Amino acid sequence: MNTYKAPASLLSNKVILVTGAGDGIGKEAALTFARYGATVILLGKTTSKLTAVYDEICTKGGSEPAIIPLDLKGASQKNYQDMAASIESEFGRLDGILHNAGILGGLAPFEHIKQDIWNDILQVNLTGPMLLTQALLPVLRKADHGSIVFTSSGVGRQGKAYWGGYAVSKFATEGLMQTLADEFSESSIRVNCINPGATRTTMRARAYPAENSQLLKTPADLMWLYLYLMGDDSLEINGQSLDAQPKP
Ligand code: NDP
């Protein structure tokens, strides 16, 4: 499947929200979705980064994006509901959500895990995406085929020493994805996970500071799977956790 070649108009007329759209994999996904015709809603913490992505999409002739500055750590249910209302009034529907934003929270031996960091990781990586999904369901249901994509990790399938809260948040993300996929299986909405695999970003550099990042895949190398799951070629795919860098 990693030979998937998306047609140039794969995402035309689709409205797709990307969290963590200002940097790393999320930035590349936002630029790529726009290049394939989508109107992208850029959600993230740092407004200047979102503005830079907005400008790049417009300069390259993509359809004008929307920007939602939002910190998943502090956002309330009301913030998500207000956001859903403004998406509904501006676009009338939502075709896809890419839950990409995430934090590592730092690696630490179990006995040194601090509760505030544990809580932050679960809030940003799990509870925020859950509340966001809940608020956006009505507007997703207005699309012909809604696609929800969560972002997992290798440590969301096999625990690893020192990855504490981050690993637990990714296991829970896989569980949330499976639960929603089953619950929505009779609906027009499909729900899946992507495990990006080792990718050249700030987060990866933080987790593996001694590694030669030039040997890693770039976010652009993964985009075939992001396109596949957002486009209508994957309508039959539901409840799966797929690798963006599958083993040969
Ligand atoms: P980066 O750290 O490069 O980017 C993370 C993005 O998430 C940034 O845009 C950041 O915004 C945003 N973000 C962080 N915290 C918040 C918050 N509280 N509210 C809103 N947005 C926030 O990470 P990657 O691109 O590497 O990771 C993307 C996803 O892929 C994550 O879910 C990660 O767990 C997963 N992943 C990555 C792997 C890798 O090797 N890179 C491997 C496996 C999984 P800002 O810049 O403004 O802080």
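The questions and answers below concern the ligand site and the enclosed space of this predicted model.

Residues are numbered from 1 along each chain as its sequence is written, and side-chain values use heavy atoms, with hydrogens and water left out. In this predicted model, local features need pLDDT of at least 70 and side-chain atom pairs count only at pLDDT 80 or more, while totals for chains, interfaces and linings use all residues.

Visitor: How far is an oxygen atom of the ligand from an N or O atom in the side chain of Thr 46?

Guide: A polar contact with the ligand is a pair of N or O atoms within 3.5 Å. For the side chain of Lys 45 the distance to a ligand oxygen is 3.2 Å, and for that of Thr 201 the distance is 2.5 Å. For the side chain of Thr 46, the distance from a ligand oxygen is 2.4 Å.

Visitor: Which helix gives the most to the shell around the ligand?

Guide: Helices are DSSP runs of H or I with at least four residues, numbered from the N terminus. Helices α1 (24-35), α5 (164-183) and α6 (202-207) each supply at least two residues of the shell. With three residues, the helix that gives the most is α6.

Visitor: What volume has the largest cavity?

Guide: On a 1 Å grid over the protein atoms alone, a cavity is a set of points where a 1.4 Å probe fits but cannot get out, and lining residues have an atom within 4 Å of a point. Among the lining residues are His 99, Asn 125 and Lys 170. Taken as the space filled by probe spheres set on the points, which are joined across faces, edges and corners, the volume is about 70 Å³.

Conventions: A polar contact is a pair of N or O atoms within 3.5 Å; within protein, one must be able to donate a hydrogen and the other to accept it, and residues adjacent in sequence count only if both atoms are side-chain atoms. On a 1 Å grid over the protein atoms alone, a cavity is a set of points where a 1.4 Å probe fits but cannot get out, and a pocket is an open set with protein on both sides within 12 Å along at least five of seven lines; lining residues have an atom within 4 Å of a point.
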